[in-house]
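Q: Before we go through the cavities, pockets and salt bridges of this model, could we look at the sequence and structure together?

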Amino acid sequence: MSDRLQENPWRVMLVINVAVIAGVCIHKITLPPYVPYIHLLVDYHFGFVKRALIGAIVSLFTQKVPVWLVFALGGAVWLVTALLFVKLFRRTFGFDDAHMPLFVFTAGSPFFLKNFVHTLGHFDIYGCLFAIILLLLPAESIGFVLLAALFSIVLILIHHIHLLMYVPTIALIVLVRHYLTVGVGRLNLAVAVISVLALGALFLALQFWGTMPIPEAEFVAYLKTRMADPARTDLLGFSYIWYQPLAKEVSDTWARLPSNILGVPVFAVLIWLHSPLWRYFSNLIRSLASDLHRRVVVAGIIGVTAAYLIMFAMVFDYSRWISNWAVCLFLILHAVKTLPSTQVVPLIAGDDRRTSIFGWIVTLIPRVGVIRPF
C-alpha cells in the first residue's frame with residue numbers, strides 16, 4: 001500500500017474522497033431537512049409566487065410529501081450531477097495519471113460534490129447540473145442558445161437568486177462555446193437580447209411581486225395539508241421566507257455581517273489550497289490564441305464574481321455562495337479548454353511536494369458549509 005501511495009497518491013486521494021462523501025451523506029440524512037422540505041410543499045396553489053417550481057412539479061405526482069423525498073430527490077440530482085461531471089472531465093481532459101491532480105482539485109474539492117451532499121435538497125445544484133449539460137451538448141446551433149435561456153428561466157423559477165448564482169456562468173458558457181465559435185449574427189444576437197430582457201423581467205416579477213398573497217397562518221395551514229406527517233410542524237419554521245421583502249433580507253445580512261465576516265480568512269485559506277488549479281487555469285487563459293477570447297473570458301469571470309459579491313451583500317449564506325462561486329470557475333475552465341490555444345499548457349505537477357500536500361488537505365476537508373465555514 002505504501003508503494004502504491006508513493007507511486008500514485010492522487011488515485012488514493014480519489015478513493016478517500018469517495019469515503020468522505022459517504023460519511024457526509026450518512027451524517028446528512030440524520031439531520032432534519034428544514035428548508036429543503038418546505039420547498040417541496042410550496043406550489044402555485046395561491047398564484048404565481050417565488051420558489052415554487054420544484055414543489056409544483058412534486059404536486060403533479062403526489063399530494064402528500066414524505067420527508068424522505070427530500071433525500072431521494074436531492075440524492076438523485078446529486079448522483080446525476082456527479083456522473084455528468086465525470087463524463088465531462090473525461091471528454092475534456094481524460095483520466096490518465098497526468099490529469100489526476102486536476103480531477104482531485106475539482107471533483108474532490110470541498111467546494112463541490114462534498115458540499116452539495118451537505119446542502120442536499122437545496123436548489124444550488126440545479127444550476128450546476130444545467131451548466132454541465134450545456135458543456136456536454138453541441139453548441140453550434142441556435143437551439144443551444146434557446147436551451148440555455150430555457151434552463152435559466154427554470155432556474156429562476158426554482159429560486160430567483162439563480163439570476164446571480166448560475167445564470168451568469170451559463171451566459172459565459174454560451175458566449176464561449178457558441179458566440180466565440182460560430183460568431184455573432186442577426187438571429188443569435190436577437191435571441192440573446194430577448195433572453196436577457198425576459199430573464200430580467202422574470203426576476204423582477206418574482207422578487208417584487210412573487211410574495212405569498214395570503215396571510216401566513218392560512219399559508220401554513222395549506223402546507224400542512226400537503227405534509228405526509230402534519231404533526232412535524234418543526235419543518236414549517238421557514239414559511240416566513242415567502243413573505244420576506246428584499247429590504248428585510250439585506251438588513252438581516254448586514255446585521256449578521258460582523259460575525260459572518262470572521263469566516264472570510266477561512267475562505268481565503270480554502271481558495272489558496274486550490275492554488276495549483278488556479279495557476280493552471282490562469283496559464284490556460286494566457287495560452288488562448290485570440291486576444292478577444294482572453295478578454296471575453298477574463299471579463300466573464302469578473303462578471304460572475306461580481307454577481308456573487310452582490311449576493312454576499314444580500315443573503316448571508318456565505319459558505320454556500322463561496323462554494324458555488326468556485327464550482328462556477330471549475331465549469332468555466334471546461335468551456336475555456338475548448339477554445340483554440342497557441343501552446344500546450346503544463347498540467348498540475350502531481351509529483352510536486354507542496355501540490356501533493358494541498359491535494360491531501362483538500363481531500364480530507366469534508367465540506368465548507370452553509371453560512372459559516374464548516
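**Reading pockets, cavities and salt bridges**

A: The lining of the second largest pocket divides into 15 nonpolar, 3 polar and no charged residues, where Ala, Val, Leu, Ile, Met, Phe, Trp, Tyr, Cys and Pro count as nonpolar, Asp, Glu, Lys and Arg as charged, and the others, Gly among them, as polar. This is a predicted model, in which local features need pLDDT of at least 70 and side-chain atom pairs count only at pLDDT 80 or more, while totals for chains, interfaces and linings use all residues. Residues are numbered from 1 along each chain as its sequence is written, and side-chain values use heavy atoms, with hydrogens and water left out.

Q: How is a pocket told from a cavity, and what volume does the second largest pocket have?

A: On a 1 Å grid over the protein atoms alone, a cavity is a set of points where a 1.4 Å probe fits but cannot get out, whereas a pocket is an open set with protein on both sides within 12 Å along at least five of seven lines; lining residues have an atom within 4 Å of a point. Grid points are joined across faces, edges and corners, and a volume is the space filled by probe spheres set on the points. In this model the second largest pocket has a volume of about 430 Å³. It is lined by 18 residues, of which Val167, Ala171, Ala192, Val196 and Leu199 are the closest to its centre.

Q: Which elements give two or more residues to the lining of the second largest pocket?

A: Helices here are DSSP runs (H or I, at least four residues), as are strands (E, at least two), and they are numbered from the N terminus. Those that give two or more residues to this lining are helix 9 (142–158), helix 11 (167–182) and helix 12, and the largest share, 8 residues, comes from helix 11.

Q: What is the volume of the largest pocket, and which residues are the closest to its centre?

A: The volume of the largest pocket is about 740 Å³. Of its 34 lining residues, Val35, His122, Phe238, Asp317 and Arg320 are the closest to the centre. Helix 3, helix 12 (186–209), helix 14 (246–260) and helix 18 each supply at least two lining residues, with the largest share, 5 residues, coming from helix 14. By class, the lining of the largest pocket has 20 nonpolar, 7 polar and 7 charged residues.

Q: How many cavities of 30 Å³ or more are counted?

A: The count comes to 2 cavities of 30 Å³ or more, and about 150 Å³ of space lies in the largest cavity. Among the 15 residues that line the largest cavity, Pro36, His39, Leu40, Ile54 and Gly121 are the closest to its centre. Helix 3 (34–41) gives the most to this lining, with 4 residues, and the lining divides into 9 nonpolar, 5 polar and 1 charged. The second largest cavity has a volume of about 40 Å³, and its lining includes Gly121, His122 and Tyr126.

Q: How is a salt bridge recognised, and how many are found in the whole structure?

A: A salt bridge is a side-chain nitrogen of Lys or Arg within 4 Å of a carboxyl oxygen of Asp or Glu, and a search of the whole structure finds 7 salt bridges. In one of them, aspartate 97 is paired with arginine 11, with the closest N and O atoms 2.9 Å apart. This pair links distant parts of the chain, 86 residues apart, with aspartate 97 in the loop between helix 5 and helix 6 (100–107) and arginine 11 in helix 2 (residues 9–28).

Q: Are arginine 226 and aspartate 43, which also form a salt bridge, buried or exposed?

A: Buried means under 20% relative accessible area, exposed over 50%, and partly exposed in between (1.4 Å probe, protein chains only). Arginine 226 and aspartate 43 are both buried, and their closest N and O atoms are 3.6 Å apart. By contrast, aspartate 97 counts as partly exposed because its relative accessibility is 47%.

Q: Where do lysine 248 and aspartate 252 lie with respect to each other?

A: Lysine 248 and aspartate 252 are 4 residues apart in helix 14, so they are separated by about one helical turn. They form a salt bridge whose closest N and O atoms are 3.3 Å apart. Elsewhere, salt bridges that share partners join Asp124, Asp317 and Arg320 into one network.
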